[in-house]
Amino acid sequence: MFSFVNRPLRRALAVASALAAAAVLATTAKDAPASPSAPEPAQAAHTDRAPLLQQTAADGAGLFPLLARDKNGRILDYEPKGTGGFAAKFDLGGGYSDATALAQANISRSQTGTDLYAVIDGTLYYTAERGGDTKVLGTGWDQYNLLVSVGNMGGSAHPDLLARGKDGTLWLYQGKADGTLAGRVAVRTSGWNGMNEVTGRGDYTGDGKADVVARSTAGVLYVYPGTGNATAEAVLADTRHTVPAPTGSAWKDYTVLVSTGDNDGDGKPDLLGVDGAGALWLFKGTGKASAPFAARTQIGTSGWTAYNLLF
């Protein structure tokens with residue numbers, strides 16, 4: 001069983017066998033029976049951040065939670081404080097151990113919802129934050145070894161997905177208002193298997209278009225400027241920018257690099273990194289292509305390596 005708690009009051013429950021038949025049961029929290037997927041009573045109260053997300057820019061940037069999956073398949077939600085860092089975690093429920101890819105996107109609730117894409121047994125599912133059902137979007141998604149939402153790459157009104165094929169091709173799927181996706185467009189037809197991190201959430205170069213941040217297996221970090229066009233081989237600009245290494249460390253030292261948009265609320269998207277000791281670092285965005293991130297700031301002391309996925 002997997003579930004997705006719909007903040008602050010609702011919970012969508014989906015049973016694996018029912019998912020296989022594309023039948024999902026939605027219920028309210030007050031009517032839901034006690035289960036392992038229910039939040040722990042001792043956890044801090046979970047607040048709705050819709051007013052913050054109303055600030056979401058045309059490129060898809062904004063304040064997003066950091067979602068984490070633990071070794072037991074539970075998803076934890078860390079809400080942004082709006083000035084840098086995150087509030088106490090909130091348990092969204094379990095059953096996601098079998099998901100080979102997870103991505104969040106702000107589509108529902110006038111683009112203020114935290115919606116979920118999940119790939120399970122090669123099938124892609126979409127669940128809106130307060131939605132009454134889970135949509136089956138298609139099969140064959142096991143051909144991809146990476147799935148990430150990086151904002152409005154193609155110039156539409158809704159966030160898009162990037163998917164990397166096992167052959168190294170990077171594909172763009174433009175999002176629609178109901179969470180479904182348009183047909184895929186080739187971003188680059190080869191070479192992306194040479195990247196061990198692909199992320200981004202907004203405009204890192206200051207031109208108003210969503211970009212992609214990627215780290216090579218050699219430990220070099222790049223910003224790939226977006227063009228705002230959903231045209232094959234032209235979604236990204238031809239020239240990429242090498243990002244200077246952080247003071248006191250190297251980009252290869254981070255076990256995870258992920259973006260949750262404008263974490264500190266200054267209007268520029270940021271980057272998060274987890275080092276080998278499990279500490280969480282914030283790299284504030286500058287909006288400058290030559291040096292897109294300021295010096296790092298530690299926002300979490302330890303324990304972040306306990307998660308097998310941050311998104």
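Me: How much space lies in the largest pocket?
Reply: Rolling a probe the size of a water molecule over the atoms shows where empty space is left. This is a predicted model. In the largest pocket, the space comes to about 600 Å³.

Me: Of the residues that line the largest pocket, which are the closest to its centre?
Reply: The lining is made of 32 residues. By class, 18 of them are nonpolar, nine polar and five charged. The ones closest to the centre are Leu-102, Leu-146, Leu-147, Leu-309 and Leu-310.

Me: Which element gives the largest share of the lining of that pocket?
Reply: Five elements each give two or more residues: β7 (99–105), β11 (144–151), β15 (195–199), β19 (254–258) and β23 (307–310). The largest share is six residues, and that comes from β11.

Me: β23 is on that list, so to speak; in what order do the strands of its open sheet run?
Reply: β23 gives at least two residues to the pocket lining. It also belongs to an open sheet of four strands with antiparallel pairing. The order is β6-β5-β4-β23.

Me: Why is one side of β6 and of β23 left without a neighbour in that sheet?
Reply: Strands of a sheet pair through backbone hydrogen bonds, either parallel or antiparallel. β6 (90–93) and β23 stand at the edges, so one side of each has no neighbour in the sheet. The reason is that each has a single partner strand.

Me: Which residue stands opposite Leu-310 in β23?
Reply: β4 (residues 66–70) and β23 pair in the antiparallel sense, over three bridges. Across from Leu-310, which is also among the residues closest to the pocket centre, stands Ala-68.

Me: Now for β20: are its faces covered or open?
Reply: In a regular strand the side chains alternate between the two faces of the sheet. On one side of β20, Leu-271, Gly-273 and Asp-275 are buried, and on the other Leu-272 and Val-274 are buried too. That fits the count for residues 271–275, where five of five are buried. Both faces are covered.

Me: Which residue in β21 stands opposite Leu-272?
Reply: β20 pairs with β19 in the antiparallel sense over four bridges, and Val-258 stands opposite Leu-272 there. Four bridges also join β20 to β21 (residues 280–285), again antiparallel. In β21, the residue opposite Leu-272 is Leu-282.

Me: Which residue takes a positive phi in the hairpin of β20 and β21?
Reply: This hairpin has four residues between the strands. The positive phi is near 90°, and the residue that takes it is Gly-278.

Key. Residues numbered from 1 in each chain as written. Predicted model: local features only at pLDDT ≥ 70, side-chain atom pairs only at ≥ 80, totals over all residues. Heavy atoms only, no water. 1 Å grid on protein atoms, 1.4 Å probe; cavity = no way out; pocket = protein on both sides within 12 Å on 5 of 7 lines; lining within 4 Å. Points joined across faces, edges and corners; volume = space filled by probe spheres on them. Nonpolar A, V, L, I, M, F, W, Y, C, P; charged D, E, K, R; others polar. Buried < 20%, exposed > 50% of the residue type's maximum accessible area, 1.4 Å probe, protein only. Pairing = 2+ DSSP bridges.
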